[in-house]
Amino acid sequence: KRIILIGPPGSGKGTQSPLIKDEYCLCHLATGDMLRAAVAAKTPLGIKAKEAMNKGELVSDDLVVGIIDEAMKKPSCQKGFILDGFPRTVVQAQKLDDMLAKQGAKVDKVLNFAIDDAILEERITGRWIHPSSGRSYHTKFAPPKTPGVDDVTGEPLIQRKDDTAAVLKSRLEAFHMQTEPVIDYYSKNGLVANLHAEKPPKEVTVEVQKALQ
Ligand code: ADP
Ligand code: ADP
Ligand code: ADP
């Protein structure tokens, strides 16, 4: 299966991804995680992406299309993938269709994590992540066993630099202006399943499973 997750920051894409990945044996490609790793490693890509990310703006289409094109070639992605955080513009969606068409493939499903903006600030400001695995926790909704520590590895958790109320505002603006049109793009092909992303995580998982049946 080739599945796309679309939703504003904090809508639960990263939380649901591991469950889908394990159930269908897909690879998980999260452009935000890849870009943060590049920023941390100070690679040329990371240096180009850092400023836009810190401001809550989108990184250029060419940069992210390049990383996705590269990542989709991995052997583990040949059976299918979950794209988390990509495509985020209509141009990215068109480029993805072109890349897949070359392999005689296409997108199977788009999961739309629909949620009210008002809920997202509390989710984002309470988020703690384990950078190397991408696991996320929440101080109130999904606390780790020990505050600031990953349950699985015992390694420290971090808060993302862009997970502030101020940067969230820009990220939401980018979502409404640039990413919502992507939902319309895929709706025309009847690929979109709308989820109630404000529900508790387990209920969202049930909706995801139904949408992918
Ligand atoms: P995204 O990947 O879409 O930005 P995350 O999955 O990282 O969002 O979720 C954002 C924050 O909200 C995390 O701290 C996560 O633990 C928490 N969270 C995720 N899903 C839910 C939910 N259904 N209800 C409450 N909190 C949630
Ligand atoms: P969230 O999980 O909160 O939705 P991400 O981790 O997916 O956010 O993305 C963090 C930042 O990385 C974005 O604000 C943006 O600057 C950049 N980014 C990630 N994916 C893309 C993309 N497909 N196109 C452009 N910029 C992107
Ligand atoms: P600065 O040097 O300006 O403080 P960094 O390059 O250290 O910025 O990191 C940028 C942001 O990305 C920080 O919020 C940091 O916590 C986060 N970060 C760094 N590495 C990772 C990673 N591998 N995965 C997720 N987030 C990361």
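**View 1. Residue classes in the shell around ligand 1.** In this predicted model, the shell around ligand 1 is made up of 7 nonpolar, 9 polar and 3 charged residues. Of the 19 residues that surround ligand 1, those that come nearest are Gly12, Gly14, Thr15, Arg127 and His138. At least two residues of this shell are supplied by each of helix 1 (13-24), strand 6 (135-138) and helix 8 (201-212).

**View 2. The packing of helix 1 against helix 8.** The axes of helix 1 and helix 8 lie 10 Å apart and enclose an angle of about 50°, which means that helix 1 is oblique to helix 8. The crossing in which helix 1 passes helix 8 is right-handed. Helix 1 contributes Thr15, Gln16, Leu19 and Ile20 to the contact, while helix 8 contributes Pro201, Val204, Thr205 and Val208; by class, this contact of helix 1 with helix 8 holds 5 nonpolar and 3 polar residues, and no charged ones.

**View 3. The surroundings of ligand 3.** Around ligand 3 stand Asp33, Arg36, Ala37, Val39, Ala40, Pro131, Ile158, Arg160 and Lys161. Divided by class, the shell around ligand 3 has 5 nonpolar and 4 charged residues, with no polar residue.

**View 4. Gln78 in its loop.** Gln78 is placed in the loop that runs between helix 4 (61-71) and strand 3 (81-84). Gln78 counts as exposed because it has 12 C-beta neighbours inside 10 Å, and a residue with 12 or fewer falls into that class. Although 76 residues separate Gln78 from Arg2 in sequence, the C-alpha atoms of Gln78 and Arg2 are 9.8 Å apart in space.

Notes:
Residues numbered from 1 in each chain as written. Chains lettered and ligands numbered in written order. Predicted model: local features only at pLDDT ≥ 70, side-chain atom pairs only at ≥ 80, totals over all residues. Near = placed C-beta within 6 Å. Helix = DSSP H or I, 4+ residues; strand = E, 2+ residues; numbered from the N terminus. Nonpolar A, V, L, I, M, F, W, Y, C, P; charged D, E, K, R; others polar. Buried ≥ 20, exposed ≤ 12 C-beta atoms within 10 Å, placed from the backbone. Axes fitted to C-alpha atoms, helices over the stretch in contact; angles between N-to-C directions. Parallel < 35°, antiparallel > 145°, perpendicular 65-115°, else oblique. Left-handed = near helix turned anticlockwise from the far one by under 90°. Contact = placed C-beta atoms within 7 Å.
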